[in-house]
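Visitor: Could you take me through the aromatic pairs in this one? I'd like a close look at how the rings are placed and what surrounds them.

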Amino acid sequence: MLSFHLILPVVLVVVLLLPMSSSKRMTGRVFSAQSWLYTDRFCFYPAPVISETLETGSNGDADDNYGKILLKTTFPKNHKLKILFYWGSFSDWKTIYEAKHSELSCGEREELANFKVRLDQNSTTNPMLVPDDPSLQDTHHMAVTEHQFHAITPYYFFIVLSNCDTYNDMYPDSNDYMYSQGHIDATIDFLLTNGNTLDSKHFGADEMGIFGMTIGFFLMQIFVLIGFSLVRIALINRRKFHFTVKIFGWALVLQFMSLLMDLCYYSNYSTQGMADENLNIAAGIFSALAETVMVLLLISLAKGWTVVRRKISIAGRIKMALFATLYLMASLTVVVWRTMTKDSALQLYYFDSSAGWVYIGSRVTAFVWFLRCCRTTRKQFRKVSKE
């Protein structure tokens, strides 16, 4: 069994070497050879209105309950850049997103958008401004626009950058949009919010309550650790502080670290709208370690260790060591896998992905082996169990 003092430095080193990425506040440069590029999604919370529309402009503090989108985009002057908004069911969106270019051209995808903002056209609601960077002022435009989303039901909202000329201004006699398409090169700062409270502003409607639940689980874990500490002192005084109790204590501490990382992650997200994936990965690693230790403890108890037998057979210990190693490797692989392959355009939840199915499979395997160990132990020590 590895010492906790060896595990903690390894986890911290791995986390520090990983890059940080942002979430519902999308910032940075976007460069792609594609003419139609998905950026991110957001689920707006229902607002107290009858119609379901996307409106331009803001009416001040009275609109704090509405979903808001603030868009700031810097792009070359010769690009016909547009921001497309799609909303509705997730299945409808996947039909558009997964369609091949032979099935839906760039222009046809634009026509399916629920709302469009042409950034290359100057207007009162979408003014063309001078870029903040002096080196780009002669070659680039900057557009800043704000929109409000009114809906009576939660909607997934998908944002796409497009640089295909649907109107084909360059070749008006041609129906082929290939000649009027171009790559995307833009610097964006998109902010999507739900209301103006700490637990809702940067969270989508499908994420409501997750910050409060994290705080609640963290406080409960503190109480559990306090209770464990009191029991630990009593067992030490009675000289009954068995190794199984030590293993349980390690699992509690590792789970506490996981919840602490989760709390830091969602606290930062709720205030800034930026998701530090380092904290998210750290929480996943600590959770994987805690689960592995807990599974190992349950399997040991199911085999009767410290209950009806003083030690487990050599073959049993080898099987447990092998299973614990495989379970830990699978859990850590899932943590990295889900981060590297996360695609918000296709995956609604974690368990929609292949990594989520692997995670479920590892837990089901552990549960089946736990039941088998319980059954085997009861058969071998039937007399002891009756007594």
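Guide: Here's a walk through the ring pairs, with a short detour to a loop and a charged patch. Keep in mind that this is a predicted model.

Searching the whole structure turns up 25 aromatic pairs. Let's start with Phe-90 and Tyr-156, whose rings sit edge-to-face, with 5.8 Å from centre to centre and 70 degrees between the planes. That angle counts as edge-to-face because the cut-off is over 60 degrees. This pair ties together distant parts of the chain: Phe-90 belongs to helix α2 (residues 90-97) and Tyr-156 to strand β9 (residues 155-162), with the two positions 66 residues apart in numbering. Both Phe-90 and Tyr-156 are buried.

These two rings have company, too. Ring pairs join Phe-90 and Tyr-156 with Trp-36, Tyr-38, Tyr-86, Trp-93, Tyr-97 and Phe-158 in a cluster.

Now step back to Ser-89, which you'll find in the loop between β5 (82-88) and α2. Ser-89 and Pro-154 are 65 residues apart in sequence, yet their C-alpha atoms are 9.8 Å apart in space. As for cover, Ser-89 has a relative accessible area of 32%, so it is classed as partly exposed.

Next comes another edge-to-face pair. Phe-228 and Phe-248 have their ring centres 5.9 Å apart, and their planes are at 65 degrees. Here the link runs from helix to helix: Phe-228 is in α4 (residues 210-237), Phe-248 is in α5 (residues 243-272), and the two are 20 residues apart. The cover on each partner is worth checking. Phe-228 has a relative accessible area of 15%, so it goes down as buried, because buried means under 20%. Phe-248, at 30%, is partly exposed.

Last, leave the rings and look at the surface. A patch of positive charge gathers there, made of Lys-319, Arg-372, Arg-375, Arg-378, Lys-379 and Arg-382. Helix α8 (residues 354-380) gives the largest share of the patch, namely four residues. Arg-375 is a good one to click on: its place is in helix α8, and with a relative accessible area of 55% it is exposed, since the cut-off for that label is over 50%.

Note on methods
Residues numbered from 1 in each chain as written. Predicted model: local features only at pLDDT ≥ 70, side-chain atom pairs only at ≥ 80, totals over all residues. Heavy atoms only, no water. Patch = residues over 30% accessible without salt bridge, like charges linked within 9 Å, V, L, I, M, F, W, Y side chains within 5 Å. Areas by Shrake-Rupley, 256 points an atom, 1.4 Å probe, with all protein chains shown as cover. Salt bridge = Lys/Arg side-chain N within 4 Å of Asp/Glu carboxyl O. Lys, Arg positive; Asp, Glu negative; His and termini not counted. Charge placed at Lys NZ, Arg CZ, Asp CG, Glu CD. Buried < 20%, exposed > 50% of the residue type's maximum accessible area, 1.4 Å probe, protein only. Phe/Tyr/Trp six-rings, centres within 6.5 Å; stacked < 30°, edge-to-face > 60°.
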